[in-house]
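Here's a set of exercises to work through with the model open in your viewer. Try each task yourself before you read the solution.

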Amino acid sequence: MTVATQIVLAKRPAGDVTSDCFRAEKVTLPALGDGQLLIRSRFLSLDPYMRPRMTELRSYTPPFELDKPLTGGSVGEVVESRNPRFAKGDTVIGMMNWASHTLHDGKGLRKIDPTIAPLSAHLGVLGMPSFTAWYGITHICKPKAGETAFVSAATGAVGQVAGQLARLAGARVVGCAGDEEKCTWAVREAAYDACFNHRAERDAGAVLDKLCPQGIDSDFENVGGPIFHAVFERLNNFGRVAFCGAISEYQDKEPIAGPPKMFTIVQRRLTIQGFIVSDHVALMGEFTAEVGGLLKAGQLKSRETVVDGLGKAPQAFMGLLKGENFGKLVVKVS
Ligand SMILES: NC(=O)c1ccc[n+]([C@@H]2O[C@H](COP(=O)([O-])OP(=O)(O)OC[C@H]3O[C@@H](n4cnc5c(N)ncnc54)[C@H](OP(=O)(O)O)[C@@H]3O)[C@@H](O)[C@H]2O)c1
């Protein structure tokens, strides 16, 4: 009999997520049925998309259910298996509960080699956020030499890879991040040409005029809101926007207005494309070969924030929505 510690959604947030939206519980898991496996979580990924899932609003993933464990991309170890695809001792990645242990049916789960990289890397620079950056840069932004590429949340899990890929493609890369330490790292370590602190610089448009005197040819958009509006106004003819996320809007009680002059899209022949990385899993092999190669060659830097203990996941998640993480945020569960 396994007793799991898990964190459930106790209440849907209205505005900012608060600690009473979560509740820690202990549950006794039932015996394994045919096809099931028991996984002990090692690392849990905390990601911005979890915030919209806490509401009932229509999105590309169903809402979390009240009084049920939240789920997230995780790496874990198979403790027991009645599923022919997995054996005790396998290291696996996939969606699991915010929990010490998850009873799983094996769907969407895959084995990983725990020796090729630290386990947490499979949730970051070798995993979904990095794949997202790679897809948006190579398939939508398509930066090249002579162009200026912009990346918001420049040092986050997705942004840090997007910026470096744009730079490797030859573009001049400008980003924004939430404090001076992040901006310094972006320029010194992640090869950004410039990065501004969006929490200190209230007039993003004025800073962009200084940092992007030739305008902006591609935007990898992670943040939305006023920063995106300022970027939008400065897009050059045939500019491309990979609309990846809008984290600045996830906690808004009311939707905010978009950029004021949408006819700009026509005048400047812009491409603005929203995308969800899970629609492109067929390209995962191509991504792994390319980004894995860059990592091996030492051409890609990455940062992560590791929080120790499942009990700290709610606080860490609230911090993610305020910029307290630096790079990929993961929880070390066991
Ligand atoms: N489309 C897809 O398939 C897909 C997949 C993965 C992620 N995403 C999206 O990509 C974006 C980045 O995700 P991530 O996993 O890489 O997260 P992350 O950047 O590692 O963490 C979120 C960061 O967003 C910034 N932020 C938070 N609130 C903000 C605000 N009000 N204004 C400006 N910046 C704010 C903070 O950085 P600073 O301290 O620098 O402000 C924070 O550290 C999110 O919008 C996410 O939803 C989309």
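**Exercise 1. Place Met128 and decide whether it is buried or exposed.**

Solution. Start with the secondary structure: Met128 sits in helix α2, which covers residues 128–141. Keep in mind that this is a predicted model. Next, count neighbours. Met128 has 21 other C-beta atoms within 10 Å, and 20 or more are needed to call a residue buried, so Met128 is buried. Now look for its partners. Once you set aside the neighbours within four places in sequence, Met128 is in contact with Gly73 and Val277. Finally, try a long reach: from Met128 to Asp34 you go 94 residues in sequence, and their C-alpha atoms are 30 Å apart.

**Exercise 2. Work out how compact the protein is for its length.**

Solution. First, get the inventory: the protein has nine helices and 15 strands. Then take the radius of gyration, which is 20 Å; the globule rule gives 20 Å for 334 residues, so the protein is as compact as a globular protein of that length. For the outer dimensions, the C-alpha atoms fill a box of roughly 65 × 45 × 35 Å along the principal axes. Burial comes next: 44% of the 334 residues count as buried. Last, check the contacts. Of those between residues at least 6 apart in sequence, 66% join residues at least 24 apart.

**Exercise 3. Split the protein into domains and describe where they touch.**

Solution. The domain assignment gives domain 1 as 2–124 + 303–332 and domain 2 as 128–278. Their C-alpha centres lie 29 Å apart. At the contact, 15 residues of domain 1 meet 16 residues of domain 2. Sort the domain 1 side by class and you get six nonpolar, five polar and four charged residues.

**Exercise 4. Find out which residues are closest to the ligand, and which domains the shell draws on.**

Solution. The ligand is surrounded by 30 residues, and the closest are Gly156, Val158, Gly178, Gly245 and Gly323. By class, the shell holds 17 nonpolar, eleven polar and two charged residues. Then ask about the domains: domain 1 and domain 2 each supply at least three residues to the shell.

**Exercise 5. Show which side of α4 is buried and what covers it.**

Solution. Begin with the buried residues of α4: Lys182, Cys183, Trp185 and Ala186. They span an arc of only 160 degrees around the axis, so they are on the same side of α4. On the other side of α4 you'll find Glu181 and Arg188, both exposed. The cover over the buried residues of α4 includes α3 (159–168), β9 (172–177) and β10 (194–197).

What about Thr184? Thr184 belongs to helix α4 too, which runs over residues 180–188. Its count is 14 C-beta neighbours inside 10 Å, so Thr184 is partly exposed. As for a distant reference point, the C-alpha atoms of Thr184 and Leu32 are separated by 50 Å, with their positions 152 residues apart along the chain.

**Exercise 6. Compare how α9 and α6 are packed: which residues are buried, and what lies against them?**

Solution. Take α9 (residues 313–320) to begin with: six of its eight residues are buried, so the helix is mostly covered. The buried ones are Ala313, Pro314, Ala316, Phe317, Met318 and Leu320. Their cover includes the strands β1 (2–9), β2 (22–29), β3 (37–45), β14 (304–308) and β15 (328–332), along with α1.

Now turn to α6 (residues 225–233), where the buried residues are Ile227, Phe228, Ala230, Val231 and Phe232. These pack against β8, β9, α5 (204–211), β11 (216–221), β12 (235–243) and α7 (264–267).

**Exercise 7. Asp67 and Ala153 have positive phi values; say where each one sits and whether it is buried or exposed.**

Solution. Asp67 isn't a glycine, yet its phi is positive, at about 65 degrees. Asp67 lies in the loop between α1 (50–53) and β4 (71–81). With 11 C-beta neighbours inside 10 Å, Asp67 counts as exposed.

Ala153, also a residue other than glycine, has a positive phi near 50 degrees. Ala153 is in the loop between β8 (148–151) and α3. Here the count is 28 C-beta neighbours inside 10 Å, so Ala153 is buried.

Notes. Residues are numbered from 1 along each chain as its sequence is written. This is a predicted model: local features need pLDDT of at least 70, side-chain atom pairs count only at pLDDT 80 or more; totals for chains, interfaces and linings use all residues. Helices (H or I, at least four residues) and strands (E, at least two) are DSSP runs, numbered from the N terminus. The radius of gyration is taken over C-alpha atoms; the globule rule is 2.2 Å times the number of residues to the power 0.38. A residue is buried if 20 or more other C-beta atoms lie within 10 Å of its own, exposed if 12 or fewer, and partly exposed in between; C-beta atoms are placed from the backbone. Two residues are in contact if their C-beta atoms, placed from the backbone, lie within 7 Å. A residue is near a molecule or strand if its C-beta atom, placed from the backbone, lies within 6 Å of it. Ala, Val, Leu, Ile, Met, Phe, Trp, Tyr, Cys and Pro count as nonpolar, Asp, Glu, Lys and Arg as charged, and the others, Gly among them, as polar. Domain bounds come from an automatic or database domain assignment. The arc is that of the directions from the helix axis to the C-beta atoms.
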